[in-house]
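Reader: I should like to learn how the features of a protein model are read. May we take them one at a time, with the structure before us?

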Amino acid sequence: MAGGSRAPSSAPTVSLPELRSLLASGRARLIDVRSREEAAAGTIPGALNIPVSELESALQMEPAAFQALYSAEKPKRDDENLIFFCQMGKRGLRATQLAQGLGYTGARNYAGAYREWFQKEG
C-alpha cells in the first residue's frame, strides 16, 4: 500500500451538506464502491458503481477501456471532487486512500456513507 507518513485511518472526507451542494452544482464525481448487489438495491443518484475490489485496476485502465467497461468517462487525476462512498464508511475510506495512492489528488470519502444518505435523503 503506497502512502506517506499519514495515519492509515485518515483521508479527506465530505459531509452530507457539502455533498448535496456539490451534486446540485454538478461538481462531484461520485463512485459507489459497494458490491453490485448492494448498489442495485439503491444508490445515490448519479453514482458510478465500481466495487472496491475492482477499483485499483479500474483507476489504472486506459480511458477507452474504462469507458467500455463502466459506460462512463474515467475520472481524471486532477478531478477536484472524486467522492467515494460505501454502506458504512469503511470501504469508502479504503477506496479514497487507494485513489490517493494512485495520484487522484481530489479523492475524498463521504464518511456518512449510503446509510446516512438513505436516512436523510432516501
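**Reading the model: a dialogue**

Author: Let us begin with a single polar pair in this predicted model: the backbone oxygen of Asp32 lies 3.0 Å from a polar atom of the Asn49 side chain.

Reader: Which other backbone oxygen does the side chain of Asn49 reach?

Author: A pair of N or O atoms is read as a polar contact when the two lie within 3.5 Å and one can donate a hydrogen that the other can accept. Here the Asn49 side chain also reaches the backbone oxygen of Arg34, at 2.9 Å. Asn49 itself belongs to strand E3, residues 48-49. Beyond four places in sequence, its contacts are Asp32, Arg34, Ser35, Arg36, Ala39 and Tyr70.

Reader: Is Asn81 buried or exposed?

Author: A residue counts as buried when its relative accessible area is under 20%. Asn81 has a value of 9%, and is therefore buried. Its place is the loop between H4 and E4. A polar atom of the Asn81 side chain lies 3.4 Å from the backbone oxygen of Arg27. Setting aside neighbours within four places, Asn81 is in contact with Leu22, Arg27, Ala28, Arg29, Gly106 and Arg108.

Reader: How many residues does the largest nonpolar core have, and which have the most contacts inside it?

Author: In soluble globular proteins, nonpolar side chains tend to be buried together. In this model the largest such core has 20 residues, and Val33, Ile50, Leu55, Phe84 and Tyr104 have the most contacts inside it. Two or more residues come from each of helix H3 (52-59), helix H4 (63-70), strand E4 (82-85) and helix H5 (90-101). H3 gives the largest share, four residues. Another core, of twelve residues, lies apart from this one and includes Ile83, Phe85, Tyr110 and Trp117.

Reader: Which span does the UniProt annotation "domain: Rhodanese" cover?

Author: An annotation comes from a record and may be inferred rather than shown by experiment. The unreviewed UniProt entry assigns "domain: Rhodanese" to residues 24-122. In the model, that span is 42% helix and 14% strand, and its end C-alpha atoms lie 16 Å apart.

Reader: Where does pLDDT stay under 50?

Author: Where pLDDT is low, the predicted coordinates should not be read in detail. That applies to residues 1-7, over which pLDDT stays under 50; the model has six contacts beyond four places in sequence for this stretch. For the chain, the mean pLDDT is 92, and 93% of its residues reach 70 or more.

How values were computed
Residues numbered from 1 in each chain as written. Predicted model: local features only at pLDDT ≥ 70, side-chain atom pairs only at ≥ 80, totals over all residues. Heavy atoms only, no water. Contact = heavy atoms within 4.5 Å. Core = buried A, V, L, I, M, F, W, Y, C linked by side-chain atoms within 4.5 Å. Buried < 20%, exposed > 50% of the residue type's maximum accessible area, 1.4 Å probe, protein only. pLDDT = per-residue confidence, 0-100.
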